[in-house]
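Open the structure in your viewer and keep the selection tool at hand. Each stop below tells you what to pick and what to look for.

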Amino acid sequence: MSGTAIDIDLYSDTLTMPSRAMREFMCNVPVGDEQKGEDPTVNALQERIAAMLGKPAALFMPSATMANQIAMKCHTQPGDEIVADAMSHTLHYEVGGPAFHSGVMVRALSGPRGCFTAEDVAAVLRPADSQYLPQSRLVWVENTHNLAGGTVWRLPDLEGVSAFARAHDLALHLDGARIFNASAASGVPVGVYGSLADTVTVCFSKGLGCPGGAVLAGPSALIGRARRYKQLFGGAMRQGAGILAGAAVYALDHHLDRLGEDHANARRLAAGLASVPGVAVDTDPVETNMVYFRVPDVDGFHAACLQRGLRFSKQVGNRLRAVTHLDVDADMIERAIGIVREAVA
Ligand SMILES: *Cc1c(COP(=O)(O)O)cnc(C)c1O
């Protein structure tokens with residue numbers, strides 16, 4: 001990037017920097033030894049997220065990747081089969097974790113918008129009584145769905161998959177790294193999403209703008225086992241972990257209500273991009289804070305954008321992705337559209 005400053009960074013919603021107010025709040029929270037369960041801020045955060053999601057218990061972790069992997073480990077035995085969308089985060093960005101940590105087989109579904117139906121799960125369900133077949137054990141749902149374009153599961157589809165899973169003794173995990181974006185867009189309370197899943201991952205380093213951290217919520221006995229796996233995986237933290245949990249507490253108080261602004265900015269960006277000749281917007285409609293699009297010469301275009309201080313994420317298949325977040329305002333979106341117009345020309 002030859003030293004050019006990026007001043008409009010649409011690479012990801014992980015690019016937000018903790019604000020001064022967030023940092024000051026983090027300085028002042030009470031802390032203790034998280035590993036021993038003695039950090040009051042971590043404990044308060046866990047209780048708050050559990051209550052929001054309607055779950056008995058929750059566990060703070062360094063990352064949503066760890067929360068997902070530990071959830072999978074809790075639900076399965078090696079050789080079991082999980083059903084997940086082919087484009088899900090856990091199959092693409094978690095370094096083969098399903099195979100490495102849990103030794104599971106994957107049945108990948110390819111529904112529209114990264115979502116599937118109870119019928120799709122029924123079509124790949126393994127009979128429970130076979131001497132030969134792997135055992136279907138876990139259904140994996142991502143909401144919002146990142147690679148599908150920040151898409152939101154339709155409630156009837158999720159209800160159908162949930163009812164099917166319960167009727168067939170399958171666990172259901174919701175990778176809700178961006179569950180608050182889903183809720184802001186759909187108006188469905190996160191507790192309703194939570195009630196349809198056995199376990200839920202929530203990530204604080206995305207739209208909520210924290211430096212890191214995630215929570216896994218679920219039944220008490222399962223969360224007890226998750227605590228042992230967190231120790232095993234080296235994820236247990238020590239004194240002062242509440243400083244990081246404090247960022248999440250601050251974000252729940254100050255950053256939840258504004259997620260709709262990110263969605264409005266993403267819609268405006270998509271409309272602006274679509275008006276530039278040569279740009280094809282894939283994400284239609286824009287449901288949350290992501291816009292995927294294509295240009296004829298991806299590398300040349302992106303270099304021209306970087307030179308002008310604008311960054312996107314280059315994706316497989318020559319797609320580009322823009323993600324809006326709390327460090328991007330409406331004025332920056334208008335400037336970004338202007339830069340795209342120049343860069344294409
Ligand atoms: C980012 C993300 C994760 C992982 O979050 P980290 O905290 O960065 O490990 C998991 N699932 C989805 C859908 C994500 O977008």
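**Stop 1: helix 2 and helix 11**

Select residues 40-53, helix 2, and residues 242-254, helix 11. This is a predicted model. The two axes come within 8 Å of each other and cross at roughly 40 degrees. Helix 2 is therefore oblique to helix 11. The crossing of helix 2 past helix 11 is left-handed.

Now show the side chains at the contact. From helix 2, pick Thr41, Val42, Leu45, Arg48, Ile49 and Met52. From helix 11, pick Gly242, Ala245, Gly246, Ala248, Val249, Leu252 and Asp253. Colour them by character: eight are nonpolar, three polar and two charged.

**Stop 2: Met26**

Stay with Gly246 and bring in Met26, which touches Gly246. Met26 sits in helix 1, residues 20-28. Is Met26 buried or exposed? Its relative accessible area is 11%, under the 20% cut-off, so Met26 counts as buried.

Select what surrounds Met26. Leaving out residues up to four places away in sequence, Met26 touches Pro211, Ile243, Leu244, Gly246 and Ala247. For a distance check, pick the C-alpha atoms of Met26 and Val328. They are 302 residues apart along the chain and separated by 23 Å.

**Stop 3: Ser220**

Jump to helix 10, residues 220-232, and select Ser220. Ser220 has 46% relative accessibility, so it counts as partly exposed.

Which residues is Ser220 in contact with, leaving aside its neighbours within four places in sequence? Pick Pro56 and Ala57. Then draw a C-alpha to C-alpha distance from Ser220 to Ala57. The viewer should show 5.1 Å, for two residues 163 apart in sequence.

**Stop 4: helix 12 and helix 14**

Select residues 259-274 for helix 12 and residues 330-344 for helix 14. Their axes are 10 Å apart, and the packing angle is about 20 degrees. That angle makes helix 12 roughly parallel to helix 14. Here the crossing is right-handed.

Display the contact residues. Helix 12 supplies Asn265, Arg268, Leu269, Gly272 and Leu273. Helix 14 supplies Ala330, Ile333, Glu334, Ala336, Ile337, Val340 and Arg341. Seven of the contact residues are nonpolar, two are polar and three are charged.

**Stop 5: two cis peptide bonds**

Now turn to the backbone. Most peptide bonds are trans. Select Asn143 and Thr144: the bond that joins them is cis, with omega about 0 degrees. Thr144 belongs to the loop between strand 5 (136-142) and helix 7 (155-167).

Next, go to Asp284 and Pro285. The peptide bond from Asp284 to Pro285 is cis too, with omega near 0 degrees. Pro285 is found in the loop between strand 9 (280-281) and strand 10 (290-294).

**Stop 6: two positive phi angles**

Most residues other than glycine have a negative phi. Select Asp169, which is not a glycine yet has a positive phi of about 60 degrees. Asp169 lies in the loop between helix 7 and strand 6 (171-176). Turn on the surface there. Asp169 is exposed, with a relative accessible area of 69%.

Move on to Asn318. Its phi is positive, about 60 degrees, and it is not a glycine either. Find Asn318 in the loop between strand 12 (313-315) and strand 13 (319-323). How accessible is Asn318, and what does that make it? Its relative accessibility is 52%, over the 50% cut-off, so Asn318 counts as exposed.

**Stop 7: the whole protein**

Clear the selection and zoom out. Colour by secondary structure: the protein has 14 helices and 13 strands. Its C-alpha atoms fill a box of roughly 60 × 50 × 35 Å along the principal axes.

Does the overall spread point to a compact globule, or what else? For 345 residues, a compact globule would have a radius of gyration near 20 Å. The protein has 20 Å, so the two agree.

Switch to the surface view. Of the 345 residues, 55% count as buried. Finally, colour the chain from end to end and look at the contacts. Among those between residues at least 6 apart in sequence, 75% join residues at least 24 apart. The pair Ser220 and Ala57, from the third stop, is 163 residues apart in sequence.

How values were computed:
Residues are numbered from 1 along each chain as its sequence is written. This is a predicted model: local features need pLDDT of at least 70, side-chain atom pairs count only at pLDDT 80 or more; totals for chains, interfaces and linings use all residues. Side-chain values use heavy atoms; hydrogens and water are left out. Axes are lines fitted to C-alpha atoms, for helices over the stretch in contact, and angles run from 0 to 180 degrees between N-to-C directions. Helices (H or I, at least four residues) and strands (E, at least two) are DSSP runs, numbered from the N terminus. Angles under 35 degrees count as roughly parallel, over 145 as roughly antiparallel, 65 to 115 as roughly perpendicular and the rest as oblique. A crossing is left-handed if the near helix is turned anticlockwise from the far one by less than a right angle, and right-handed if clockwise. Contact means heavy atoms within 4.5 Å. Ala, Val, Leu, Ile, Met, Phe, Trp, Tyr, Cys and Pro count as nonpolar, Asp, Glu, Lys and Arg as charged, and the others, Gly among them, as polar. The radius of gyration is taken over C-alpha atoms; the globule rule is 2.2 Å times the number of residues to the power 0.38. Buried means under 20% relative accessible area, exposed over 50%, partly exposed in between (1.4 Å probe, protein chains only).
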